Amino acid sequence: MEIATAAKANGGCRRRLLRLKCSVKDYAWGTIGSDSLVYKVYTANSDDRIDSTTRPYAELWMGTHESGPSYLEEDADGSSGVTLRSWINENPESLGDRVLEKWGCDLPFLFKVLSVARPLSIQAHPDKVLAKKMHKAHPNLYKDDNHKPEMALAYTQFEALCGFIPLQELKSVIRAIPEIEELVGSEEANQVFCISEHDEEKVKSAVRTIFTLLMSAGPDTTKQIVFKLKRRLHMESQERHLTEKERLVLKLEKQYPNDIGVISAFFFNYVKLNPGEALYLGANEPHAYLFGECIEVMATSDNVVRAGLTSKPLDIQSLCSMLTYKLGFPEILKGTRIRPYITRYLPPFEEFEVDVCDLPPGASTVFPSVPGPSLLLVLQGEGRMSTDASADEVSMGDVLFVPADTEIQLKSSSDLKLYRAGVNNRFLYSQ
């Protein structure tokens, strides 16, 4: 094995690729056992004995976050236990000058694979100012002081709730779903009919009021209203076709009975991504991933504020107060071809971007050197990867750290699918 698994000295190993062993999360919403993409990648990446029948495999973490660190693969001499973060601390030049100056001695992004079998919580991630306050006040709940913009790139068909629906659609929802008016009150619900979409601040204020009242309902009231909603929809389904959102709400109710998140789903855009499409989310934007498998990248943080569709601790008031209340369907990225076989997804965040390489058998391509670090994930096939300092075979499940200023030459021996997470090019090459 020629690709480095640990650094012996700064100079020669700086441009050697580092093989990583990664952490897995078994959250209850994950896909069980061998049906999970996370399971398949983790099985190939790990030496652990793995439960293939009963354990949910929800997320594979690749990066330096202390809640799920990546480790350097064992050296030839058998040494192990070195985290990627500790290696970077001893080799800071591997990040490149701009990254080191901006974010210090750490990767600014966290890379993941997600296998979602049932909905994640309705949630949002705080901006930097709020993250610092939350971390200081509740370090057991909010593990770091960073913001968490993120991007999900669909590997399979992928479903999510994301952001508030446009004003005209919200008006239709309030007309069509009497349980919302019953829950928040007629005067508050009818606010939306008296404002124009051009008066952005009034729109945000009205939505904030209605949504906060809805989410703040007590458990007994919520139980009663959810039951009425479910009964009405089941009755009406005998006479008409339910809308896609109504069918989703009934499905959510089966999974999370008596949860206020069931009704709040009417307020959010129902997004369905095809494989190869991506959705990005800034701070303070509500969302819930529902089903499917994706590759996810985010700023290095694990801060989540939850308000429904979960058994985990809720912080409804914090979530309702932190949201931007921007309305409209989110932008869907389809990627831009930057060279043969490589497509780039470039969100409006400094910390990260993603390249996807689909290489047919016998084909070659190059990832040019960039002045920042990268993580590579091989998700399908086999090939040979080389730099000016090392070369080796790679296959499904391999995860590698690429130091700054490292050109990678890649040749496939079968259909090869590879994902690269790196620092956003707009930041790296900005003046």
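**Strand 25 and its neighbour Glu 353**

The side chain of Glu 353 makes a polar contact, at 3.0 Å, with the side chain of Arg 420; such a contact is a pair of N or O atoms within 3.5 Å, where within protein one must be able to donate a hydrogen and the other to accept it, and residues adjacent in sequence count only if both atoms are side-chain atoms. This is a predicted model, in which local features need pLDDT of at least 70 and side-chain atom pairs count only at pLDDT 80 or more, while totals for chains, interfaces and linings use all residues. Residues are numbered from 1 along each chain as its sequence is written, and side-chain values use heavy atoms, leaving out hydrogens and water.

**Surroundings of Glu 353**

- Glu 353 belongs to strand 18, strands being DSSP runs (E, at least two residues) numbered from the N terminus.
- With 0% relative accessibility, Glu 353 counts as buried, a term for under 20% relative accessible area with a 1.4 Å probe and protein chains only.
- Beyond its neighbours within four places in sequence, Glu 353 is in contact (heavy atoms within 4.5 Å) with residues including Tyr 345, Arg 420 and Asn 425.

**Strand 25 and its partners**

- Seven of the seven residues of strand 25 (residues 416–422) are buried, so this strand is largely enclosed by the rest of the structure.
- In a regular strand, side chains alternate between the two faces of the sheet.
- Both faces of strand 25 are covered, with Leu 416, Leu 418, Arg 420 and Gly 422 buried on one side and Lys 417, Tyr 419 and Ala 421 buried on the other.
- Strand 18 (residues 353–359) runs antiparallel to strand 25 and is joined to it by seven bridges (strands pair if DSSP finds at least two bridges between them), and Cys 357 stands opposite Leu 418.
- Strand 20 (residues 374–380) is also antiparallel to strand 25, with six bridges joining them, and here Leu 375 stands opposite Ala 421.

Key:
Buried means under 20% relative accessible area, exposed over 50%, partly exposed in between (1.4 Å probe, protein chains only). Helices (H or I, at least four residues) and strands (E, at least two) are DSSP runs, numbered from the N terminus.
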